[in-house]
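Here are some questions and answers for a first look at a protein model. Please keep the structure open beside the text while reading.

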Amino acid sequence: MAASSAMPLLVVALLLASPAATRLASAACASEKFPAGRSYATCEDLPKLAASLHWTYDAAKSSLSVAFVAAPAAPGGWVAWGLNPTGEGMTGAQALVALKGSGSGAPTVKTYNISGYAVGASSPLDFPATDLAADAAGAGGKIRVYGKLQLPKGMKAVNQVWQVGSSVTGGAPDKHAFGADNLAAKSKLVLAGGGKAKAAGAPAVSPAAAPEAGGPAAGASGSGSDSGAASSMAPSGGKTPNGAVSVAGVSAPALLVMALVGFLVAV
């Protein structure tokens, strides 16, 4: 084949080597395998605590389906993720918390409308939450928290926060560590178009009391309004995370290899 005929293949190879394609290829979140019936249009490797977020946003219905993936700080711990429409830290966050505890069952999911550093008992969210569930089938001991949130019409971006803890007592998350990564676990989630998430503003790094919860453990898809022992989730500050990536279609590494092989054969 003439060299001129091979030029389109070279162009494809160069496009696949672009920063956007490289980001897609390197996004660990794209390799997450969910149970049948759970799939998400977009995923993002969050910048702290080795966590990731997978989501599908239906703008017409203003609904956000999410899967948050993170490992507790120790076996038997907890993980939490939430949206904060009013600020950049913990106060105002609408959080989903998955509690693993010492049992062998699926993690329990509870919701917390956090109005201050002393957050009190589990409570309903300002964003109606449905389809709540969790499993502990993620690689490396990770917990995966699932849910669907009904967001206000026209919302295009919102602050998000996340956290992990090492233990659960009486159905409530115990206090987490206050290391740099714990205090920097936040960013802005861009909903419209599944675009790149942006760093939130200056962090608030004061330690905070965590959610309280208690009562009998729920199943894999429970949310509760139980009260119990006090515990803590940290406020956080952030840095710009990796860009969100689409997880549909053929992976960038596969396309890149195909294009390069075709080019080498052609010349």
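Q: How much space lies in the second largest pocket?
A: Rolling a probe the size of a water molecule over the atoms shows where empty space is left. In this predicted model, the space found in the second largest pocket comes to about 190 Å³.

Q: Which residues that line the second largest pocket are the closest to its centre?
A: The lining of this pocket is made up of 15 residues, and by kind they divide into six nonpolar, four polar and five charged. Those closest to the centre of the pocket are Ala28, Cys29, Ser31, Glu32 and Lys142.

Q: Is Lys186, in strand 12, buried or exposed?
A: Lys186 belongs to strand 12, which covers residues 186-190. A residue counts as buried when its relative accessible area is under 20%. The relative accessible area of Lys186 is 1%, and therefore Lys186 is buried.

Q: Which backbone oxygen does the side chain of Lys186 reach?
A: A polar contact needs a pair of N or O atoms within 3.5 Å. The side chain of Lys186 comes to 3.0 Å from its partner, which is the backbone oxygen of Glu88.

Q: Which residue in the hairpin of strand 1 and strand 2 takes a positive phi?
A: Strand 1 (residues 42-45) and strand 2 (residues 52-58) run antiparallel and are joined by four bridges, with Asp45 standing opposite Ser52. Six residues lie between the strands of this hairpin, and the residue with a positive phi, near 65 degrees, is Leu49.

Key. Residues are numbered from 1 along each chain as its sequence is written. This is a predicted model: local features need pLDDT of at least 70, side-chain atom pairs count only at pLDDT 80 or more; totals for chains, interfaces and linings use all residues. Side-chain values use heavy atoms; hydrogens and water are left out. Helices (H or I, at least four residues) and strands (E, at least two) are DSSP runs, numbered from the N terminus. Buried means under 20% relative accessible area, exposed over 50%, partly exposed in between (1.4 Å probe, protein chains only). A polar contact is a pair of N or O atoms within 3.5 Å; within protein, one must be able to donate a hydrogen and the other to accept it, and residues adjacent in sequence count only if both atoms are side-chain atoms. On a 1 Å grid over the protein atoms alone, a cavity is a set of points where a 1.4 Å probe fits but cannot get out, and a pocket is an open set with protein on both sides within 12 Å along at least five of seven lines; lining residues have an atom within 4 Å of a point. Grid points are joined across faces, edges and corners, and a volume is the space filled by probe spheres set on the points. Ala, Val, Leu, Ile, Met, Phe, Trp, Tyr, Cys and Pro count as nonpolar, Asp, Glu, Lys and Arg as charged, and the others, Gly among them, as polar. Two strands pair if DSSP finds at least two bridges between them.
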